[in-house]
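Here is a set of questions and answers on a single protein chain. Keep the structure in view while you read.

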Amino acid sequence: MTAAARRVGILGGTFDPIHRGHVDIGDAAQAALDLTEVHVVASHMPPHRPAPETSAYHRFAMVALTTIERPTWRASDLEVRQEAPSYTSRTLQKFHDRGYEPTELYFLIGADAFADIASWRDYPNILDAAHFVVVSRPRFPASALVERLPRLAGRMVPRADNRPASDVPVIFLIDAQTADVSSTAIRGCLATGAPIDGMVPPRVQQHIERHGLYKSMTPGRRARDAGAEAPAGRLHGQD
């Protein structure tokens, strides 16, 4: 693949667990922007939120299971192998170090998470490190960000299918339907014995059930998986 042809999506999150909403964001962005591949990057240590309730080992395994049916998706261990906090700016720099130009990278994120972009490390410079592809979440359309973040409106491209030829990163806004589900809600269901059918990919559900993930937890209590270690560590978490 030539450098000119590379359109690489990066979908990052704590993925505790990965769910249908995450997958919908990736699918919508890939369809709208004709991404050649999508790297799904599970964090090791999110810097601005509570520690994950299950280990990096299991979260990476669930990401890997999610990518099986999508041949252009890649499960990335770029962060789970690191002990340092998982900052988006640091992860994008690692892609640059591998030879990717900022305009070849497309960072995929839900509109609700992007609304807090001003609080991110290295803001506003981080917006020059990659295109940001912002996809609607339930009750939070991407198009609403034009008014919500007026200082960034000049960088926003409301219709990705009419994307301009640009030699600088922009912010693509994609209004698409994504599943109304969150990792917090899934963990709550599992803690109380409620079903999670349809909330996560089938293989992820099988993994959760096989290993009894989240079931031993009570609301408000975090736990680590006994005996489970990371395979070798976020991006701002997408719940």
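Q: Which residues of the largest nonpolar core touch the most other members?
A: This is a predicted model. Its largest nonpolar core has 37 residues. The ones that touch the most other members are Val40, Leu108, Val133, Ile196 and Ile208.

Q: Which element supplies the largest share of this core?
A: Several elements give at least two residues each, among them strand 2 (37-42), helix 2 (56-67), helix 6 (183-192) and helix 7 (202-211). Strand 4, strand 5 and strand 7 also do so. The largest share is 5 residues, and it comes from helix 1.

Q: How many of the residues of helix 1 are buried?
A: The buried residues of helix 1 include Gly21, Val23, Ile25, Ala28 and Leu33. Polar or charged names are listed as well: His22, Asp24 and Gln30. Helix 1 is mostly covered, and the count of buried residues is 10 of 14.

Q: What span should helix 1 have, and what is the distance between its end C-alpha atoms?
A: Helix 1 covers residues 20-33, which is 14 residues. At 1.5 Å a residue, the expected span is 20 Å. The end C-alpha atoms agree with this, as they are 20 Å apart.

Q: Which residue just after helix 1 takes a positive phi?
A: The angle is about 55°. The residue that takes it, just after helix 1, is Asp34.

Q: What is the strand order of the open sheet?
A: The chain has 7 helices and 7 strands. The open sheet holds 7 strands, and their pairing is parallel. The order is 3-2-1-4-5-7-6.

Q: Which strands stand at the edges of the sheet?
A: An edge strand here has a single partner strand, so one side of it is left without a neighbour in the sheet. That describes strand 3 (73-76) and strand 6 (156-157).

Q: Is strand 4 enclosed or open to the outside, and how many of its residues are buried?
A: One side carries Leu105, Phe107 and Ile109, and the other carries Tyr106, Leu108 and Gly110; all are buried. In a regular strand, side chains alternate between the two faces of the sheet. Strand 4 is largely enclosed by the rest of the structure, because its buried residues number 6 of 6.

Q: How many bridges join strand 4 to strand 5?
A: Strand 1 (residues 8-13) runs parallel to strand 4 and is joined to it by 4 bridges. There, Val8 has Leu105 as its bridge partner. Strand 4 and strand 5 also run parallel, and the bridges between them number 5.

Q: Which residue in strand 7 stands opposite Val135?
A: Val135 is the bridge partner of Gly110 in strand 4 to strand 5 pairing. Strand 5 is also joined to strand 7 (residues 171-174), in parallel, by 4 bridges. Opposite Val135 in strand 7 stands Ile174.

Q: How far apart in sequence are the parts that the pair Phe107 and Phe132 ties together?
A: The structure holds 6 aromatic pairs. Phe107 and Phe132 form a tilted one, 5.2 Å centre to centre with 55° between the planes. Phe107 lies in strand 4 and Phe132 in strand 5, so the pair ties together parts separated by 25 residues.

Q: Which ring does the charged end of Arg121 sit over?
A: Arg70 makes a contact of this kind with Trp73, at 5.1 Å from the ring centre. For Arg121 the value is 4.3 Å, and the ring belongs to Tyr87.

How values were computed:
Residues are numbered from 1 along each chain as its sequence is written. This is a predicted model: local features need pLDDT of at least 70, side-chain atom pairs count only at pLDDT 80 or more; totals for chains, interfaces and linings use all residues. Side-chain values use heavy atoms; hydrogens and water are left out. The expected span of a helix is 1.5 Å times one less than its number of residues. Buried means under 20% relative accessible area, exposed over 50%, partly exposed in between (1.4 Å probe, protein chains only). Rings of Phe, Tyr and Trp (its six-membered ring) pair if their centres lie within 6.5 Å; planes under 30 degrees apart count as stacked, over 60 as edge-to-face and the rest as tilted. A charge sits over a ring if NZ of Lys or CZ of Arg is within 6 Å of the ring centre and within 35 degrees of the ring normal. Two strands pair if DSSP finds at least two bridges between them. A nonpolar core is a set of buried Ala, Val, Leu, Ile, Met, Phe, Trp, Tyr and Cys residues joined through side-chain atoms within 4.5 Å.
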